[in-house]
Amino acid sequence: MPLFDYSFLGKIIPQQKHKKSYRKAKQTYLNRIRLAMSFFYFGMGFCFASWASRIPDIKSFLNLSEGELGTILFALPIGQLTAMPFSGKLVTRFGSRKVLLFSLILYAFCLTNIGLAEETWQLALGLYLFGICGNFSNISINTQGVYTEQVFGKPIMGSFHGSWSLAGFCGALVGLVMLAFKLTPYQHFIIVFAIVGLIVFINYRFLIKVKAVKKEIDIAKPKFKMPDKSLIWLGVIGFCCMASEGIMFDWSGVYFKDIVKAPGALVILGYTSFMITMASGRFLSDILVRKYGAKNILIVSGITISLGLYTAVVFPFLIPSTIAFMMVGFGVSNVIPIIYSAAGRNTTIPTGEALTIVTGISFLGFLIGPPVIGHIAELTSLRYSFGFIGIFGVFISVLTYYLKIFR
């Protein structure tokens, strides 16, 4: 059941003489809302992908070892953790629309600061601020996504995350172009900032203004209590998925360069193949969920992630590893849209706070996974570190099988 008032549609779309004309005008406007949300997801994904595409360049410029890079990457999850206690409450109090507009612009601006780093501490500080703004953007954008899905009354969250993944693919391609033209990371990130600013300017009017209902927040209940256990378990599933996704973003290029020994420009093949199947899978996710059910899709996705990672470990050659990374991409594509939609349907606490719990735990995997991989690789090898993450796919399947929310 929707958790907010939809009367805003009546104010925007005037009643027509003929019901058919009104329905057509309403559907046109709803489609524009959906398109706007897709652009906002694209903008956020484009920022992160732009950073990921320049990691090898920044690593070389600062002369960092794998262990040193892994340590500096911890600044991102620390920034996320700093914002986590406040982001959900601020989204609930001021509305996801306002928070998203403010935080996404700051997110893109913080990216430009990363491009200015000439010392390791400057990079760490830039990533810390990037993490703070990323958390606010993440909670607010997914709250808007849940509201939009509820307006449509059918699963569409997968397409939004598909836009995020598509941005990752585009970000990688743009990164290659920037390298070809020998632009510095700062020059590259300034262009990204301008693109995101344009996206916000064109689409901000179509974000949903939510009028919360009283049932969503019961002030008579105690202020401090343990959240619904189902939200915690959804977060754990998200953690396992996003740890796998995070290493693909930050370490796929390094894996293809150092382990697969891919020649020249083919170093980016692993990352590109992963992004293609992840984006494609997310655009198919809504159809698959309607046809086969969320539980079955999650179980298969977890198995696919593990099979992909272990294939890359056992067969560290160009073609098998490319296929393996494609499997990982398809596996992770369905997990996050499904668990975010499930969190948004929770009626025990406000949507923004429910998503804060789930996305907060999930993104810890996305942000902690890559640094941990760096340290495991330093102690053993990058192949062993990928094998360690491979077990997370099994966890996804097992947890989904026993979690009551998907029965």
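Me: Ala, Val, Leu, Ile, Met, Phe, Trp, Tyr, Cys and Pro count as nonpolar, Asp, Glu, Lys and Arg as charged, and the others, Gly among them, as polar. How many residues of each class are in the lining of the second largest pocket?

Reply: The lining has 12 nonpolar, seven charged and six polar residues. Before we go on: this is a predicted model, where local features need pLDDT of at least 70 and side-chain atom pairs pLDDT 80 or more, while totals for chains, interfaces and linings use all residues. Residues are numbered from 1 along each chain as its sequence is written, and side-chain values use heavy atoms, with hydrogens and water left out.

Me: How much space lies in that pocket, and which residues are closest to its centre?

Reply: A pocket is an open set of points on a 1 Å grid where a 1.4 Å probe fits, with protein on both sides within 12 Å along at least five of seven lines; lining residues have an atom within 4 Å of a point. Here the second largest pocket holds about 630 Å³, counted as the space filled by probe spheres set on the points. It is lined by 25 residues, and Ser53, Pro56, Asp57, Gly253 and Val267 are the closest to its centre.

Me: Which helix gives the most to that lining?

Reply: Helices are DSSP runs of H or I with at least four residues, strands are runs of E with at least two, and both are numbered from the N terminus. Helix 10 gives the most, with seven residues. Helix 2 (19-53), helix 3 (55-61), helix 8 (157-180) and helix 10 (229-258) each supply at least two. Across the chain, you'll find 15 helices and zero strands.

Me: What span does helix 8 reach?

Reply: The expected span is 1.5 Å times one less than the number of residues. Helix 8, with 24 residues, reaches 35 Å from its first C-alpha to its last, close to the expected 34 Å. Just after helix 8, look for Lys182, which takes a positive phi of about 60°.

Me: Is Ala124 buried or partly exposed?

Reply: Buried means under 20% relative accessible area, exposed over 50%, partly exposed in between (1.4 Å probe, protein chains only). Ala124 counts as partly exposed because its relative accessibility is 23%. In the whole chain, buried residues make up 55% of the 407.

Me: What is Ala124 in contact with, leaving aside neighbours within four places in sequence?

Reply: Contact means heavy atoms within 4.5 Å. Ala124, found in helix 7 (residues 120-152), is in contact with Ile72 and Ala75. Ala75 is 49 residues from Ala124 in sequence, yet their C-alpha atoms are 5.5 Å apart.
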